[in-house]
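Let's take a walk through this structure together. Have the sequence and the 3D view open, and we'll go one piece at a time.

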Amino acid sequence: MSDTFTGNKALEIHEPLIFETGHVATTGVDVEEPAAFESRLGGHARKTPIDLPGLTEPETMRHYVRLSRQNYAIDLGLYPLGSCTMKHNPRLNEKMARLPGFADIHPLQPLSTVPGALELMQELSHWLCAMTGMTAVALSPKAGAHGELAGMMAIRAAIAAKGETRHVVLVPESAHGTNPATAAALGYKVESIKAREDGTVSVEAVKEKLSADVAAIMLTNPNTCGLFEPEVKAIADAVHEAGAYFYGDGANFNAIVGKAKPGDLGVDAMHINLHKTFSTPHGGGGPGSGPVVLSERLAPFAPVPFLRADGTLVERADEAGEGEMPFGRLTAFHGQMGMYVRALAYMMSHGADGLKEASEDAVLAANYLKAQLADVMSVSFPDRPAMHEVLFDESFLKGSGITTLDFAKAMIDEGYHPMTMYFPLVVHGAMLIEPTESESLPSLDLFIATLRDLARSAREGDTARFTEAPRLAPRRRLDETKSARKPVLTYEPPAPYQEAAE
Amino acid sequence: MRYHPLTADDRALMLRSIGVDTVDDLFTDVPAGHLVEGLLDLPKGRSEISVERALSRMAGRNRAAGAGPFFVGAGAYRHHVPASVDHLIQRSEFLTSYTPYQAEISQGTLQVLFEFQTQVARLTGMEVANASMYDGSTATAEAVMMASRLTRRTRAVVSGGLHPQYRDVIDTVATGIEVAALPADPTNAEDIAAAIDDTVACVVVQTPTFYGHLVDLAPIAEAAHAAGALLVAVFTEAVALGAIEPPGALGADIAVGEGQSIGNALNFGGPYVGLFATKKKHVRQMPGRLSGETVDADGKRGYVLTLSTREQHIRRDKATSNICTNSGLCALAFTIHMTLLGEKGLSRLAHLNHARACATADALARVPGVSVLNDTFFNEFTIRVPGEAERVVERLAEWNILGGVPVSRLDPSAPGDLIVVAATEMTTEEDIAEYAEVLGGLK
């Protein structure tokens with residue numbers, strides 16, 4: 001397989017597991033030995049060995065630097081994951097989050113010693129409410145799905161406060177999986193709403209499902225087909241008429257910041273993914289931050305902790321005053337302060353003008369890709385303008401023997417991270433492309449040229465370019481079936497070693 | 001705007017290619033009258049220098065932990081983070097990558113997660129661990145819901161030694177589960193085994209407790225198992241597991257906790273990293289992502305996200321949890337720090353923490369009117385002070401001493417004269433002496 005003695009290829013260096021190279025007696029941290037003292041561990045002192053290998057500092061550096069080089073990243077290239085908003089992560093934000101006054105403060109030190117932290121939270125709340133046209137914000141949710149939970153629990157509490165019980169939540173089939181999962185986690189029955197031919201939800205389809213048993217609709221707008229829901233206001237009105245609430249999934253907020261306010265469109269609650277729209281880094285899967293903005297009708301039900309308009313922080317439900325009916329607490333402490341700092345640094349850097357420009361450039365870039373690719377790839381919903389992402393399906397690959405997965409893997413060989421695949425579920429072999437505002441025109445043009453070349457190869461029957469891909473990545477395609485059938489989730493030493501140890 | 005590469009000429013060219021005149025022609029689906037005219041009522045964009053000034057001013061208004069004696073714990077701990085940890089987590093390839101769905105170009109993250117899972121499983125003495133949750137409190141609530149699915153029972157008995165905010169989170173989030181919370185237990189007097197019967201899905205016990213006491217989990221596990229219930233063992237200080245018997249060795253079915261204290265800064269409460277470990281036989285009911293070993297088309301070892309059929313993006317309303325984004329980068333910080341420590345370093349670190357806490361407890365116990373409630377503890381304990389704890393803590397802060405957490409701030413049902421006090425390897429002898437002196441002098 002390999003031409004070299006080591007199996008390495010120049011800068012591409014194989015890296016074993018720490019469990020294969022480290023040793024329990026090795027450490028990269030020098031720890032001071034305390035003077036003799038009387039232990040208070042009682043009978044609880046550890047007797048069972050942990051079997052945790054350590055590495056010295058130079059070995060540790062190499063281990064993680066080598067591993068890092070097997071990852072794709074925004075800083076390496078275009079990362080067109082639809083609905084994930086992989087935009088540039090400014091390093092100023094990292095620097096600000098590491099100021100000791102933000103990073104080295106404890107959530108439970110006296111509030112009198114952290115006025116600057118409360119000021120930052122208040123300022124962030126102001127920006128979020130101004131951008132969304134909403135009344136209040138619950139900052140504490142730890143990620144988008146956690147924000148959904150917060151918003152839906154506020155809705156449940158508001159319904160209960162009216163002395164009602166409602167059991168159904170409407171979710172369009174194009175929604176993210178977190179929407180139905182959230183509704184189900186709260187005990188709601190999920191009813192799906194079909195999309196129209198043009199990829200949007202019609203007010204009629206919603207009205208058909210509305211009843212006195214419907215608690216809410218969870219609608220993503222712009223939706224995951226990359227379209228702004230043209231009947232969103234009429235849908236909101238119908239939902240409100242039925243005594244239900246409108247939960248907006250803010251995953252795609254990046255298209256409309258500074259262009260349209262969800263509050264004006266009838267949204268009652270919407271989470272905002274600070275790690276998408278406001279560029280806190282994705283970090284290989286997290287952490288995120290999912291503040292939820294609330295309409296006037298839901299504001300009283302915000303969970304603790306919440307900030308009052310006067311800047312005081314309410315930490316316990318029993319401290320609630322007149323008109324405050326917090327539904328509970330979603331997490332220990334105050335949420336993702338480290339992310340608040342980064343997001344506010346991003347917002348202040350952009351300002352009202354830069355935020356608007358970001359949305360416009362993101363939408364412009366997506367529509368440019370659509371225009372430049374429409375003749376060689378199949379745009380699923382060509383008739384409406386795309387928002388910040390554009391949806392293709394695999395019909396242009398029909399008869400080629402090449403699937404969306406193959407196409408995506410061939411992009412890897414060309415130096416690109418694939419787009420979001422097989423989502424949303426409303427078209428066959430979905431390819432959801434979101435370029436974001438961070439790409440230059442030459443970068444977009446090279447990406448377009450690459451996709452055009454791949455489409456040409458597919459047309460001309462060069463299937464190996466796809467079905468064999470990726471050929472140049474650190475790994476070829478991995479066997480997911482094997483991993484699911486016989487899961488190996490932790491390192492286990494090879495059998496002979498185990499026997500010898502026993 | 002310094003982050004936007006498109007020029008005015010680029011934009012004009014792109015609009016022509018699309019076939020529209022202005023960018024607003026792309027927003028025609030926004031209902032009439034709802035397109036924002038002009039700019040939002042927010043300040044204009046600012047230079048890097050200007051933003052840095054504004055935020056530094058806000059940061060400067062906070063009293064950083066490192067600016068004087070510091071004894072605050074209760075679920076978040078100030079430990080030393082080696083410089084290499086923060087350097088490595090800022091590698092672009094870790095910081096600016098997404099969830100590793102495209103395994104071929106995400107082996108770095110996937111191998112890191114596989115190593116993280118192995119470290120967490122070994123540290124807790126459990127068989128498997130996931131790739132992280134948001135934090136300890138949400139991990140605990142998820143564990144309760146998982147126990148309910150596994151036992152098909154809907155009652156949870158929660159110890160009075162559990163962090164009060166963790167209890168509040170279970171109460172709020174665990175829909176359809178009746179939470180029987182025992183009263184606050186500052187003196188470690190509760191008999192939780194007596195509260196277990198055959199309607200109980202799980203019993204939730206924290207050790208060291210919120211008040212710092214060490215609890216023998218073994219008899220509780222035995223009583224739970226005899227009733228067909230599960231033991232959910234909780235910890236908020238992962239360093240403690242370097243010094244005390246792990247939950248897995250004492251019969252825990254699910255072990256959850258906060259991993260912040262290894263590799264992660266205090267950050268005023270987040271982002272942190274929830275640890276979640278269980279037995280192999282329960283893995284298909286576990287929430288969250290998992291990295292699993294497999295091979296690629298050439299037979300080379302590699303890693304993929306696995307058992308995804310538990311998760312929301314596949315199973316939607318039938319998923320084990322709605323969690324999607326987790327705490328990847330905090331898990332990376334945890335695993336790098338743990339790799340640097342190794343068993344030897346972790347044991348020494350835990351020993352030093354215990355030593356500092358013992359010294360602190362001894363010094364405070366000598367202050368007239370102050371008593372230490374704990375016979376056993378790891379690196380934090382509870383003191384009873386004359387007068388209101390919240391007021392005492394405020395007075396100490398006036399002397400630039402952050403002396404701990406008044407229990408009543410989190411749990412109004414608990415006595416008002418208790419302070420949870422933590423010490424770590426960061427605590428110096430001078431800090432301890434100053435704390436004792438000032439506490440003794442408060443009027």
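## A proline to begin with

Where in chain A is Pro287(A) found? Pro287(A) sits in the loop that runs between S6 and S7 of chain A. Before going further, keep in mind that this is a predicted model.

The bond leading into that proline is worth a look: going from Gly286(A) to Pro287(A), the peptide bond is cis, with omega near 0°. Chain A has another cis bond to show you, joining Val304(A) and Pro305(A), with omega about 0°. Pro305(A) belongs to the loop between S7 and strand S8 (306–307) of chain A. For background, most peptide bonds are trans, and most residues other than glycine have a negative phi.

That brings us to Ala10(A), which has a positive phi of about 50° even though it is not a glycine. You'll find Ala10(A) in the segment before helix H1 (18–21) of chain A.

## The sheet in chain A

Now for the strands. Chain A has an open sheet built from seven of them, in the order S1-S7-S6-S5-S4-S2-S3, with mixed pairing. At the edges are strand S1 (136–138) and strand S3 (189–193) of chain A, each pairing on one side only. Going from one strand to the next, the twist averages 25°.

Zoom in on one end of that order. Strand S2 (residues 168–172) of chain A pairs with S3(A) in the parallel sense, over five bridges. To pick out a pair by eye, start at Val171(A): its bridge partner in S3(A) is Ser192(A).

Helices pack on this sheet too. Helix H5 (residues 115–132) of chain A touches S1, strand S6 (269–271) and strand S7 (292–294) of chain A, and its direction makes about 125° with that of S1(A). Helix H7 (residues 178–185) of chain A also packs on the sheet, touching S2, S3, strand S4 (214–220) and strand S5 (245–249) of chain A. The direction of helix H7 makes about 160° with that of S4(A).

## A sheet in chain B

Over in chain B, look for an open sheet of four strands. The order is S10-S11-S13-S12, and the pairing is antiparallel. Its edge strands are strand S10 (371–372) and strand S12 (405–406) of chain B, each with pairing on one side only.

S10(B) and strand S11 (residues 380–384) of chain B run antiparallel and are joined by two bridges. One landmark here is Ser371(B), whose bridge partner in S11(B) is Arg384(B). Helix H11 (residues 389–398) of chain B packs on the sheet, where it touches S12 and strand S13 (418–422) of chain B. Helix H11 points in a direction about 45° from that of S13(B).

## Where the chains meet

How many residues does the contact take from chain B and from chain A? It takes 192 residues from chain B and 212 residues from chain A. The size of an interface is often given as the accessible area lost when the parts come together. Between chain B and chain A, the buried area is about 17,300 Å², and carbon and sulfur atoms give 62% of that.

There's plenty to click on along the way. Counting residue pairs in polar contact between chain B and chain A (both at pLDDT 80 or more) gives 115. On the side of chain B that touches chain A, helix H10 (residues 328–365) of chain B supplies the largest share, 24 residues. That side of chain B divides into 90 nonpolar, 58 polar and 44 charged residues.

## Salt bridges

Over all chains, the count comes to 53 salt bridges, and 18 are found across the interface of chain B and chain A. Try Asp24(B) and Lys259(A), whose side chains meet in a salt bridge at 2.5 Å, N to O. This pair crosses between chains: Asp24(B) is in the loop between helix H1 (8–18) and helix H2 (48–60) of chain B, while Lys259(A) is in the loop between S5 and S6 of chain A. Glu104(B) forms a salt bridge with Lys409(A), with the closest N and O atoms 2.8 Å apart.

Note on methods:
Residues are numbered from 1 along each chain as its sequence is written. Chains are lettered from A and ligands numbered from 1 in the order in which they are written. This is a predicted model: local features need pLDDT of at least 70, side-chain atom pairs count only at pLDDT 80 or more; totals for chains, interfaces and linings use all residues. Side-chain values use heavy atoms; hydrogens and water are left out. Two strands pair if DSSP finds at least two bridges between them. Axes are lines fitted to C-alpha atoms, for helices over the stretch in contact, and angles run from 0 to 180 degrees between N-to-C directions. Contact means heavy atoms within 4.5 Å. Buried area is the accessible area (1.4 Å probe) that two parts lose on being put together, summed over both. A salt bridge is a side-chain nitrogen of Lys or Arg within 4 Å of a carboxyl oxygen of Asp or Glu. A polar contact is a pair of N or O atoms within 3.5 Å; within protein, one must be able to donate a hydrogen and the other to accept it, and residues adjacent in sequence count only if both atoms are side-chain atoms. Ala, Val, Leu, Ile, Met, Phe, Trp, Tyr, Cys and Pro count as nonpolar, Asp, Glu, Lys and Arg as charged, and the others, Gly among them, as polar.
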